[in-house]
Amino acid sequence: MGISEAAEKIGFRTQGVKLTLEQLDEIHLPCILHWRQNHFVVLYRVKKGYYHIADPANCKRKLDKKEFAANWFAHEELHNGISLLLNQTPTFYEREEDETRTLKWNAVLRYFATYRRLFVQLTLGLLVGTILQLVTPFLTQSVVDIGINTRNLNFIHLILIAQIALFIGQVGVDFIRSWILLHISTRVNISILTDMLIKLMKLPMKFYETKTTGDIMQRMADQQRIESFLTGSMLGTMFSFINLIVFGFVLAFYHAGIFSIFLGASILYTGWILLFLKSRRELDHRRFAVASDNQTAIVELVEAMQEIKLNNAERQKRWLWEGIQARLFRFKVKSLALAQYQQAGSMAINQLKSILITFLSAKAVIDGDLTLGGMMAIQYIVGMVSSPIGQILGFIQSYQDAQISLERINEIYREPDEEPMENEWMRELPKDKSITLLGVTFRYPGAGNEPVLTDVDIRFPEGKTTAIVGMSGSGKTTILKLILRFFEPESGEIRVGQQKLAQIGFSSWRDQCGVVMQDGFIFADTIERNIAVGDEYPDPQRVNHAIRTANLQEFIEEQPFGLKTKIGVAGKGISQGQRQRLLIARAVYKNPRYILFDEATNALDANNERVIIDNLIGFLEGRTAIIVAHRLSTVSHADNILVLDKGRIVEQGTHWELTERRGEYYQLVKNQLELGN
């Protein structure tokens with residue numbers, strides 16, 4: 001874990017795996033191996049049955065299969081060993097003097113550096129394919145000028161057999177090239193998307209407050225256009241460019257006048273296509289915005305189906321979705337119209353070119369300057385050079401699309417990381433672990449928003465339980481989010497002891513916090529993994545302790561596979577009370593110094609709540625707890641209760657002190673009792 005974290009800090013993407021000897025041939029080297037269950041070595045080459053390692057204890061060594069397995073495998077009966085795979089991300093190539101951290105084309109192209117050997121194979125395939133295509137027009141000319149003119153049927157048979165052999169060779173080369181391209185594009189696509197996910201996971205929580213789900217999903221889809229451009233358009237255009245040069249020379253050799261007409265028409269055709277690039281760019285930006293809305297609407301329709309049905313809003317929501325489809329259709333119409341304008345002009349230019357070339361070549365045959373076979377060869381060559389021109393112009397359009405996608409993805413890469421590498425974060429908490437808010441004012445992002453908290457001073461003593469109560473919208477949950485560093489205060493500061501919270505590393509701080517939020521998420525995984533989130537191998541004792549504390553024993557015993565029972569996506573199939581108990585068990589499993597609960601028991605029945613509260617009182621002993629709640633049963637045992645109203649602390653004290661004071665807290669108690677709770 002330490003090596004993995006260090007590697008990711010300097011720009012590697014890591015993955016811990018167990019591999020067999022055979023699987024070592026399939027991975028990208030170098031990689032790090034756990035050696036003799038004692039230390040780590042680098043495997044940098046596997047060649048001719050020998051394994052080349054760099055061992056810090058014994059320098060570089062070359063081992064045979066038996067010796068290598070004996071050192072790598074933890075036990076002779078096992079047939080796999082532990083490895084850490086590493087791949088460079090664009091961050092690896094960044095320099096300290098770079099002012100902006102963006103995904104540039106040179107960084108994107110580095111994704112392909114790993115597959116240099118495959119690109120050599122592609123280039124060889126390209127050369128072979130070009131040679132095979134180059135022979136075809138000469139064979140066609142030979143059939144007409146020699147075979148037909150001399151009436152030599154055997155020669156024609158021979159040429160036809162050669163053409164069939166060339167066809168089979170071309171098909172074989174194309175098949176191999178397609179498989180290589182599929183391998184490269186799949187690997188590169190996964191790498192780009194993984195690095196984008198890594199970047200998304202490094203962003204602060206405030207980023208997700210301002211972006212819709214559809215917007216993020218649409219940007220992730222944009223990387224497919226980049227991958228398609230690099231593995232499809234760019235490589236295809238490289239092949240086409242070579243064909244254009246080769247067949248262009250052949251065409252000039254056959255007839256200089258025809259070559260001049262082809263060249264002039266190609267320049268005119270290129271200019272016509274380039275004329276529309278600006279309009280295409282504007283349309284693409286507008287299409288992206290509507291496509292993002294469409295993604296968000298689809299996610300919302302699926303996730304909110306229960307509410308839609310309960311409120312008989314099916315028709316209204318469907319009409320809203322159809323409205324978005326209508327907007328998308330209008331953009332498709334505009335895109336089609338633009339493409340048709342391009343196509344009409346392009347076809348006119350190409351048709352005029354074809355007519356002129358046909359006329360000149362026919363005239364050359366009549367004048368005796370060209371044979372009939374030569375004319376047929378020219379027609380074939382013109383077709384071969386016209387196709388690359390179309391592909392090169394398609395490449396220009398694909399490049400524009402990829403560039404637009406890269407710009408949109410860079411809007412994510414430009415966002416500062418939640419925990420920048422250059423900051424020297426504290427990893428250990430100070431001796432005094434009390435939390436203090438000093439003059440904190442905060443408002444949520446957005447123009448015209450009023451402050452949620454105004455000049456708040458609060459102290460949460462170490463080892464004590466503090467409850468926060470108040471009307472909805474008074475800022476209770478916001479205090480928890482500020483302490484968890486989802487946001488930074490607009491003014492004022494938060495301290496842990498005498499240390500500023502802003503100087504403590506995010507991951508180090510959150511490791512010490514067990515949290516249950518109102519909108520806590522349940523993963524589509526087993527009950528055990530939902531409790532022990534982040535642990536690949538959950539600790540059975542800690543899991544059992546968390547289950548007892550959250551009073552989950554009966555619920556788990558009722559499940560067909562106990563702890564191994566999978567829960568539906570986002571916790572579907574379980575009640576709100578069961579969901580909350582799972583979230584409480586998750587917080588307890590972490591065994592944290594700090595416990596932060598936001599309405600953690602509001603969905604529980606009275607019996608379950610009583611049992612869990614009694615269990616939590618013992619668990620919270622010696623821990624710093626901050627509990628946001630409305631129910632008196634949840635907060636009455638707290639060492640201190642804060643009453644919040646419109647972003648300010650209006651009262652604080654124990655339950656009995658505040659009740660006797662007959663102030664805001666007393667009114668909350670009175671109203672709750674009148675409601676029969």
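These legends describe close-up views of a predicted model.

**Figure 1. The whole chain.** The chain has 677 residues, and 43% of them count as buried. Its secondary structure comprises 22 helices and 16 strands. Contacts often span long stretches of sequence: among those between residues at least 6 apart, 72% join residues at least 24 apart.

**Figure 2. A cis proline in an early loop.** Leu29 and Pro30 are joined by a cis peptide bond. Its omega is about 5 degrees. Pro30 sits in the loop that runs between strand 1 (12-19) and strand 2 (31-35).

**Figure 3. Pro56, a loop residue with partners elsewhere in the sequence.** Pro56 belongs to the loop between strand 4 (50-55) and strand 5 (59-64). Pro56 counts as exposed, because its relative accessibility is 69% and exposed means over 50%. Even so, Pro56 has contacts. Leaving out residues up to four places away in sequence, Pro56 touches His39, Phe40 and Val41. His39 and Pro56 are 17 residues apart along the chain, and their C-alpha atoms are separated by 8.8 Å.

**Figure 4. Spans annotated as transmembrane.** An unreviewed UniProt entry carries the annotation "transmembrane region" for residues 118-140, 152-173, 229-252 and 258-277. Two of these spans are shown in close-up. Residues 152-173 are 95% helix and 0% strand. The end C-alpha atoms of this span, 152-173, lie 32 Å apart. Residues 258-277 are 90% helix, again with 0% strand. Here, in 258-277, the distance between the end C-alpha atoms is 30 Å.

**Figure 5. The largest nonpolar core.** This core holds 42 residues. Ile531, Leu552, Ile584, Phe597 and Tyr665 touch the most other members. Helix 18 supplies the largest share of this core, with seven residues. A second core, separate from this one, has 29 residues, including Leu453, Leu482, Tyr594 and Val628.

**Figure 6. Ile584 and its contacts.** Residues up to four places away in sequence are not counted here. Ile584 touches Val516, Ala550 and Phe597, among others. Its contacts also include Ala600 and Thr601. Ile612 and Leu616 are touched by Ile584 too, and both are buried residues of helix 19.

**Figure 7. Gln580, a buried residue of helix 18.** Gln580 lies in helix 18. Is Gln580 buried or exposed? Gln580 is buried, because its relative accessible area is 9% and buried means under 20%. Neighbours within four places in sequence are set aside for its contacts. Gln580 then meets Glu599, Ala600 and Thr601, as well as Asn602, Ala603 and Leu604.

**Figure 8. Helix 19 and its buried side.** Helix 19 covers residues 606-619, 14 residues in total. From its first C-alpha to its last, helix 19 reaches 20 Å, close to the 20 Å expected at 1.5 Å a residue. Its buried residues are Asn608, Glu609, Ile612, Ile613, Leu616 and Phe619. Why do they lie on the same side of helix 19? They cover an arc of only 125 degrees around the axis, which puts them there. The spacing has a general basis. An α-helix has 3.6 residues a turn, so residues three or four places apart point the same way. Ala606 and Asn607 are exposed on the other side of helix 19.

**Figure 9. What helix 19 packs against.** The buried residues of helix 19 pack against helix 16 (540-549) and helix 18 (576-589). They also pack against strand 13 (594-598) and helix 20 (632-635).

**Figure 10. The hairpin of strands 15 and 16.** Strand 15 covers residues 640-645, and strand 16 covers residues 648-653. They pair in the antiparallel sense over five bridges. In one of the pairings, Val643 has Glu651 in strand 16 as its bridge partner. Two residues lie between the strands of this hairpin. Lys646 takes a positive phi near 55 degrees in the hairpin.

**Figure 11. Positive phi in two loops between helices.** Asn551 is not a glycine, yet its phi is positive, at about 55 degrees. Asn551 is in the loop between helix 16 and helix 17 (553-557). Arg662, also a residue other than glycine, has a positive phi near 55 degrees. Arg662 is in the loop between helix 21 (655-661) and helix 22 (664-674). At 56% relative accessibility, Arg662 counts as exposed.

Terms used: Residues numbered from 1 in each chain as written. Predicted model: local features only at pLDDT ≥ 70, side-chain atom pairs only at ≥ 80, totals over all residues. Heavy atoms only, no water. Helix = DSSP H or I, 4+ residues; strand = E, 2+ residues; numbered from the N terminus. Expected span 1.5 Å × (residues − 1). Buried < 20%, exposed > 50% of the residue type's maximum accessible area, 1.4 Å probe, protein only. Arc of directions from axis to C-beta. Contact = heavy atoms within 4.5 Å. Pairing = 2+ DSSP bridges. Core = buried A, V, L, I, M, F, W, Y, C linked by side-chain atoms within 4.5 Å. UniProt positions renumbered as here; feature names shortened; annotations may be inferred.
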